[in-house]
Amino acid sequence: MKKEGYVYQCKICSDGRLYNGVWSVASGVPHPLPENVVVFDEFPSNINGGADYVWDGKTLTYSPAEKTEESAE
């Protein structure tokens with residue numbers, strides 16, 4: 001998925017799992033990026049802030065997050 005004029009901005013956990021992802025206006029993204037933040041011009045459609053994806057610095061990999069009791073409710 002791509003949105004003209006926007007980038008997908010998210011944080012990265014220490015294990016590479018993404019979280020708190022949102023579409024942000026491209027011109028509003030800080031340069032340089034804060035530590036543990038990454039942006040993508042395109043990002044797969046998702047509903048959980050990117051938590052089903054892992055980023056290794058080069059490759060975005062689909063790896064569904066395990067459901068916890070709290071998130072399963």
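**How the sheet and core are assigned**

User: In this predicted model, what makes strand S1 (residues 6–12) and S2 a pair?

Analyst: S1 and S2 share six bridges, in the antiparallel sense. Pairing takes at least two bridges, so S1 and S2 count as paired. One of the bridges joins Gln9 to Val22 in S2.

User: How do you know which strands are the edges of the sheet?

Analyst: The open sheet has three strands, in the order S2-S1-S3, with antiparallel pairing. Strand S2 (18–25) and strand S3 (37–40) each pair on one side only, and they are the edge strands. Neighbouring strands are turned by 25° against each other on average, direction ignored.

User: Why is the set with Tyr8, Cys10 and Ile12 called a nonpolar core?

Analyst: A core needs buried nonpolar residues joined through side-chain atoms within 4.5 Å. Tyr8, Cys10, Ile12, Leu18, Val38, Phe40, Phe43, Tyr53 and Trp55 make up the largest such core, so each of the nine is under 20% relative accessible area. S1, S3 and strand S4 (53–55) each supply at least two residues. S1 gives the most, with three.

User: What makes Val38 a contact of Tyr8?

Analyst: Contact means heavy atoms within 4.5 Å, and Val38 is in contact with Tyr8. Leaving aside neighbours within four places in sequence, the contacts of Tyr8 also include Gly21, Trp23, Phe40 and Asn46.

User: Which elements have the highest and the lowest mean pLDDT?

Analyst: S1 has the highest, at 97. Helix H1 (residues 69–72) has the lowest, at 52. The chain averages 90, and 92% of the residues score at least 70.

Definitions and conventions: Residues are numbered from 1 along each chain as its sequence is written. This is a predicted model: local features need pLDDT of at least 70, side-chain atom pairs count only at pLDDT 80 or more; totals for chains, interfaces and linings use all residues. Side-chain values use heavy atoms; hydrogens and water are left out. Helices (H or I, at least four residues) and strands (E, at least two) are DSSP runs, numbered from the N terminus. Axes are lines fitted to C-alpha atoms, for helices over the stretch in contact, and angles run from 0 to 180 degrees between N-to-C directions. Buried means under 20% relative accessible area, exposed over 50%, partly exposed in between (1.4 Å probe, protein chains only). pLDDT is the predictor's confidence in each residue, from 0 to 100.
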